[in-house]
Amino acid sequence: MAFSSHVGYVSVMTERDDDILMLLPARLKKARQSRGLSLEAVANLSGVSRSMVSQIERGESSPTIATLWNLTRALQVDFAGLMETGDATDRIEVLTASDVPSIDNMGRGCSIRILSPPEEAGNHEVYDIRFAAGGALTSQPHVRGASEQVTVLDGRVRVTSGMAVQDLNTGDTARYAADVAHSIAAIDDDARVFLIVKGSDNPL
């Protein structure tokens with residue numbers, strides 16, 4: 001990316017100016033709306049005037065790099081990604097193993113890794129759970145209509161949902177209500193499961 005400057009003013013100038021100028025307003029507006037922020041809120045968070053934010057979103061003004069940087073920080077979006085002219089769908093977001101959030105103080109003898117993004121909390125949550133022999137995760141009822149799907153990756157587990165009890169072997173998948181008391185427990189030895197929680201606004 002090549003930038004041009006004059007009289008201390010740095011503008012976003014590249015060999016792909018036309019593409020960026022066409023994409024930038026819509027991307028900024030989409031980022032703002034997806035976070036439920038008003039123009040006034042973005043102005044307060046970024047230090048960029050409300051009128052300038054509005055002009056940029058309408059494509060009537062091209063922001064300086066400093067202005068764009070402040071806006072991306074306020075909107076919590078990636079600066080480089082915002083400037084890309086390629087199809088946004090041709091990107092892969094990677095969360096390395098070391099960056100996956102984990103919880104070790106819930107349940108008994110189990111380690112929980114959170115695989116779903118934070119914004120999916122309460123809607124579609126995904127967990128990788130490892131149980132030590134005799135380990136168990138017992139949960140109180142989630143919101144009405146909540147459900148869970150568990151797939152056993154290794155070992156054997158016992159799933160309880162209300163009064164129903166089912167033993168699962170490696171490779172088995174079970175779906176059950178999570179708006180009643182429920183639990184997953186290792187049988188005999190260590191076990192590992194892949195858990196999907198749907199329609200819950202409570203963690204596990």
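The following paragraphs lead from the chain as a whole to its strands, its nonpolar cores and two individual residues.

The structure is a predicted model. Its chain has 204 residues, of which 36% are buried. The secondary structure comprises 5 helices and 11 strands. If one takes the contacts between residues at least 6 apart in sequence, 62% of them join residues at least 24 apart. The chain exposes an accessible surface of about 11900 Å², and carbon and sulfur atoms account for 51% of that surface.

A convenient place to begin is the series of strands S3, S4 and S5. Strand S3, which covers residues 102-103, pairs with S4 in the antiparallel sense through 2 bridges. Within this pairing, Ser102 is placed opposite Arg113 of S4. The two strands form a hairpin with 4 residues between them, and Gly107, located in the turn, has a positive phi of about 75°. Strand S4 also pairs with S5, again in the antiparallel sense, here over 6 bridges. In S5, Phe131 is the residue that stands opposite Cys110.

Phe131 leads to the interior of the model. In soluble globular proteins, nonpolar side chains tend to be buried together. The largest nonpolar core in this chain contains 19 residues. Those that touch the most other members are Ile129, Phe131, Val150, Val157 and Leu195. Two or more residues of this core come from each of the strands S4 (108-114), S5 (124-139), S6 (147-154), S7 (157-161), S9 (173-177), S10 (182-186) and S11 (191-198). A further core lies apart from this one; it has 11 residues, including Leu28, Ala31, Val42 and Ile56.

Ile129 illustrates how a member of the largest core is surrounded. When residues up to four places away in sequence are not counted, Ile129 touches Cys110, Ser111 and Ile112, together with Leu137. The same residue also touches Ala191, Arg192, Val193 and Leu195.

A second residue to examine is Val159, in strand S7. Is Val159 buried or exposed? Val159 counts as buried because its relative accessibility is 4%, and the cut-off for burial is under 20%. With neighbours within four places in sequence left aside, its contacts are Val150, Ala164, Val165, Gln166, Leu168, Tyr176 and Ser183. One of these, Val150, is also among the core residues that touch the most other members. Val159 and Ala174 are 15 residues apart along the chain, and their C-alpha atoms are separated by 8.2 Å.

How values were computed: Residues numbered from 1 in each chain as written. Predicted model: local features only at pLDDT ≥ 70, side-chain atom pairs only at ≥ 80, totals over all residues. Heavy atoms only, no water. Core = buried A, V, L, I, M, F, W, Y, C linked by side-chain atoms within 4.5 Å. Buried < 20%, exposed > 50% of the residue type's maximum accessible area, 1.4 Å probe, protein only. Contact = heavy atoms within 4.5 Å. Pairing = 2+ DSSP bridges. Areas by Shrake-Rupley, 256 points an atom, 1.4 Å probe, with all protein chains shown as cover.
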